[in-house]
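Hi there,

Here is the structure I promised to pass on. Have a look at it first, and then read on for my notes.

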Amino acid sequence: MIKLYGHELSGNSYKVRLLLELLKLEYEWIKVDLMKGEHKTPEYLALNPFGQVPLLIDGETKLADAQAILVYLARQYGGEQWLPLDALSLAQVVRWLSTTAGEVRQGLENSRLYHRFGVSNINIDRAHQKGEYILTQLNQHLSTRTWLEFNRPTIADIAVFPYVALAPDGKIDLAPYHHLLAWSDRIKQLPNYIPMIGL
């Protein structure tokens with residue numbers, strides 16, 4: 001059975017858990033208590049030397065990094081619907097995975113880390129600026145479409161969704177971003193959707 005190591009307040013853990021649910025895959029959820037430092041224990045570091053969550057184990061396959069795990073699950077179990085293989089479509093989805101690891105992380109995720117978890121070595125003014133910038137870009141992009149790419153949800157949507165929806169944790173108001181809020185509601189209506197704490 002698939003094992004997913006993560007923490008319930010981690011947006012990156014949640015996005016993997018959400019895709020597992022949407023794909024109707026059986027898995028074992030194993031909580032890694034970040035507050036107690038369980039991600040830095042020798043036992044966990046032996047599984048994931050980076051000491052981060054999430055971590056997915058599927059038989060002999062062991063994968064860290066949420067975006068990489070989404071790609072794996074989509075190709076292994078989800079097929080073309082979640083991650084197409086033709087060159088242009090694949091590039092369009094990967095663009096959003098890159099945006100998630102870049103602008104979304106630097107803006108929305110860092111703002112949340114600062115305000116919700118007290119991580120003090122973050123330039124919060126810069127994080128807020130980056131957060132509002134990516135929300136504006138996403139809102140404009142979604143003004144003419146239902147999903148980030150194509151006429152269906154893909155792992156692009158699953159990757160971007162958590163930290164956008166959690167933006168209020170970082171003291172960033174989502175009210176001005178009407179198209180983004182409508183997109184977020186569509187994700188919440190997907191069959192087998194599960195909420196994250198705070199969403």
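Below is what I found, beginning with the sheet and ending with one of the helices. Please keep in mind that this is a predicted model.

The sheet is open and has four strands in the order E2-E1-E3-E4, with mixed pairing. Strand E2 (27–31) and E4 are at the edges with a single partner strand each, so one side of each has no neighbour in the sheet. From one strand to the next, the twist averages 15°.

Two helices pack on this sheet. Helix H1 (residues 11–22) touches E1, E2 and E3, and its direction makes about 155° with that of E1. Helix H3 (residues 66–78) touches E1, E3 and E4, at about 140° to the direction of E4.

Strand E3 (residues 55–58) is worth a look. Its pairing with strand E1 (residues 2–6) is antiparallel, over three bridges, and its pairing with strand E4 (residues 61–64) is antiparallel over four bridges. Ile 57 stands opposite Lys 3 and also opposite Lys 62 in E4, while Leu 55 faces Ala 64 across the E4 pairing. Leu 55 and Ile 57 point one way, Leu 56 and Asp 58 the other, and all are buried. Two residues lie between the strands in the hairpin of E3 and E4, where Gly 59 takes a positive phi near 65°.

Finally, helix H7 (residues 178–188) has Leu 180, Trp 183, Ser 184 and Ile 187 buried. These residues lie on the same side of H7 because they cover an arc of only 100° around the axis. The buried residues of H7 pack against helix H5 (124–141) and helix H6 (155–165).

Best wishes

Technical notes: Residues are numbered from 1 along each chain as its sequence is written. This is a predicted model: local features need pLDDT of at least 70, side-chain atom pairs count only at pLDDT 80 or more; totals for chains, interfaces and linings use all residues. Side-chain values use heavy atoms; hydrogens and water are left out. Buried means under 20% relative accessible area, exposed over 50%, partly exposed in between (1.4 Å probe, protein chains only). Two strands pair if DSSP finds at least two bridges between them. The arc is that of the directions from the helix axis to the C-beta atoms. Contact means heavy atoms within 4.5 Å. Axes are lines fitted to C-alpha atoms, for helices over the stretch in contact, and angles run from 0 to 180 degrees between N-to-C directions.
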